[in-house]
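User: I should like to learn how statements about a protein structure are justified. Please display the structure, and I shall ask about the reasoning behind each term.

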Amino acid sequence: MASVKTAISLIAHRDATSPVLDAAGIPAVSAGTCGPDLASAPWEFDLAEALAGTPGYGPGASSSDVAPVSTPRQGQLPQEYKDADDGGLEDRILAAKAALGDRVVILGHFYQRDEVIKFADFVGDSFQLANAAKAKPAAEAIVFCGVHFMAETADMLSGPGQSVILPNLAAGCSMADMADIESVSACWEQLAELYGTEPDAQGRVPVIPVTYMNSSAALKAFCGEHGGIVCTSSNAATVLDWAFERGQRVLFFPDQHLGRNTAKAMGVPLDQMPMWNPRQAWGGTDERTLRDARVILWHGFCSVHKRFNVGQIEKARAEFPGVRVIVHPECPMPVVDAADEAGSTDYILKAITAAPAGSTFAIGTEINMVNRLAAQYPQHTIFCLDPVICPCSTMYRIHPGYLAWVLEGLVRGEVLNQITVPEATAIPARVALERMLAAKP
Ligand code: SF4
């Protein structure tokens, strides 16, 4: 199977004769891409955003999400990296890695593009990667080929002498940006006004804040300071159990879908899960609904996973009888309900690894991961539920050119694009992370 990059390039240039279009009949590669801009180099968007004076997420699934004005922007990549071809960049990256040896560790998220992943020392989800960083104390530099909140978490969990580097500062996360410390603090104050702050007869406080790993360090710190906790898509149910033992209700941010899917599976009725839209008075809900609430869901979502729908599942079942449909819990509830299973990236990987040869999977998660799984497990038929190639916009901003640039900087003794979380934020954020680690099912 061709890489996502090759498929995008062929589609953008309308090469209808490409063998990519008929490889194993996999629909993911045949139906086009969400934007021909994806065939452009990411530095063109760095420049366009600098000229426009406003940040963006770039092409891909998040392209129409609104990037906050505070979104980090990437300065111009030196021309030599823009001019280098794929082979030239590969040689430079390998030479820099060899020169640095154990002094550097490169981490690659499952959703990262193949042209970058091939240089990674570890590939995994955000929390696995943060822990991988911790397991390499000899590494002075951790180059995180993921997005901004992941690099922040790695910085908070890494040793004092380690620098965490994000090769392109514009690699944020549109979902994480949908909840910021100001609007969550404002919501919290309104909820305190409504519920008060006194525990009930069982000692449960009125609200426990729970933040998904995909959030800023400031929000993790908020949770640490307010009796709250962090969750991942693997442990969200365990974390909600932890929160319900200590609180009458939960404020869950930023991903409404993970919160809703998890709480629904635990038996929380939908009418006790109002949504809080920070742009509306009282979050767009009302006092009575809030008083009955068990989980208050923040109005956030992942634009990659929002693309999946029930029609795609019906089509997969019609075309591939017996197909096993697994979707990520960031997908909307009707999609999770229609799928056979829902689980984190790690769950999806383990399910495919454990399946008997000849299995067929339709997967609802980011296209780079799905296509890589299809290539790694040729004994199965694996395809993405969404037939349109539309990668995560911000993961896509990391390109081998930026990786070569930051690695050669390290060889010269220069730390470029360092992500640093101030200790005043990191200390309470670690408290929320440690509560998560201590929470047992
Ligand atoms: S896939 Fe969604 S949640 Fe993950 S980094 Fe991209 S935008 Fe953020």
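Analyst: One definition is needed at the outset: UniProt annotations may be inferred rather than shown by experiment. The model itself is predicted. With that in mind, the unreviewed UniProt entry applies the label "binding site" to His-109, Ser-126, Tyr-212, Met-213, Asn-214, Ser-233, His-328, Pro-329, Glu-330 and Thr-345.

User: Why is His-109 called buried?

Analyst: A residue is buried if 20 or more other C-beta atoms lie within 10 Å of its own. His-109 has 28 such atoms within 10 Å, and is therefore buried. The residue belongs to strand 1, which covers residues 104-109. Beyond four places in sequence, the contacts of His-109 are Ser-126, Leu-129, Cys-145, Gly-146, Met-150 and Met-395.

User: What makes Tyr-212 a buried residue, and where is Tyr-212 found?

Analyst: Tyr-212 has 27 other C-beta atoms within 10 Å, and the threshold is 20 or more, so Tyr-212 is buried. Tyr-212 is part of strand 5. Once residues up to four places away in sequence are set aside, Tyr-212 touches Cys-231, Pro-254, Asp-255 and Leu-258.

User: Which cysteines does the UniProt annotation "binding site" cover?

Analyst: In the unreviewed UniProt entry, a "binding site" annotation covers Cys-173, Cys-302 and Cys-392. These positions are spread over 220 residues of sequence, yet they cluster in space, with a largest C-alpha distance of 9.2 Å.

User: Which residues come nearest to the ligand?

Analyst: Of the 14 residues around the ligand, those that come nearest are Cys-173, Met-175, Cys-302, Val-304 and Cys-392. A residue counts as near when its C-beta atom lies within 6 Å of the molecule. Sorted by class, this shell holds 8 nonpolar, 5 polar and 1 charged residues.

User: How do you know whether Cys-302 is buried or exposed?

Analyst: The count of C-beta neighbours inside 10 Å is 27 for Cys-302, so Cys-302 counts as buried. Cys-302 lies in the loop between strand 9 (295-298) and helix 14 (310-319). With neighbours within four places in sequence left aside, Cys-302 is in contact with Met-175, Asp-255 and Glu-330.

User: Why does Cys-392 count as buried?

Analyst: For Cys-392 the count is 30 C-beta neighbours inside 10 Å, set against a threshold of 20 or more; Cys-392 therefore counts as buried. This cysteine is located in the loop between strand 13 (381-384) and helix 18. Apart from neighbours within four places in sequence, Cys-392 is in contact with Gly-60, Ala-61, Tyr-111, Val-304 and Glu-366.

User: What makes helix 10 a mostly covered helix?

Analyst: Helix 10 spans residues 217-225, and 8 of its 9 residues are buried. They are Ala-217, Ala-218, Leu-219, Lys-220, Ala-221, Phe-222, Cys-223 and Gly-224. The elements against which these buried residues pack are helix 7 (148-157), helix 9 (181-195), strand 5 (205-212), strand 6 (229-231), strand 7 (247-253) and helix 19 (423-438). After helix 10 comes Gly-227, with a positive phi near 75°.

User: Which residues touch the most other members of the largest nonpolar core?

Analyst: A nonpolar core joins buried residues of certain nonpolar types through C-beta atoms within 7 Å. The largest such core has 138 residues, of which Ile-142, Val-143 and Phe-144 touch the most other members. The element that gives the most to this core is helix 18 (residues 400-411), with 7 residues. Beyond four places in sequence, Phe-144 touches Leu-107, Met-150, Ala-151, Ala-154, Val-164, Ile-165 and Leu-166.

User: How many residues of domain 1 and domain 3 are in contact?

Analyst: Two residues are in contact if their C-beta atoms lie within 7 Å. By that rule, 12 residues of domain 1 are in contact with 10 residues of domain 3. On the domain 1 side, helix 15 (333-338) and helix 16 (345-354) are the elements that give two or more residues. That side divides into 7 nonpolar, 3 polar and 2 charged residues. The centres of the two domains, taken over C-alpha atoms, are 32 Å apart.

User: Why is Ile-8 counted as buried?

Analyst: Ile-8 has 29 C-beta neighbours inside 10 Å, and therefore counts as buried. Ile-8 is placed in helix 1, residues 4-12. Neighbours within four places in sequence aside, Ile-8 is in contact with Thr-33, Leu-38, Ala-39 and Ile-389.

Key: Residues numbered from 1 in each chain as written. Predicted model: local features only at pLDDT ≥ 70, side-chain atom pairs only at ≥ 80, totals over all residues. Domains from an automatic or database assignment. Helix = DSSP H or I, 4+ residues; strand = E, 2+ residues; numbered from the N terminus. Nonpolar A, V, L, I, M, F, W, Y, C, P; charged D, E, K, R; others polar. Buried ≥ 20, exposed ≤ 12 C-beta atoms within 10 Å, placed from the backbone.
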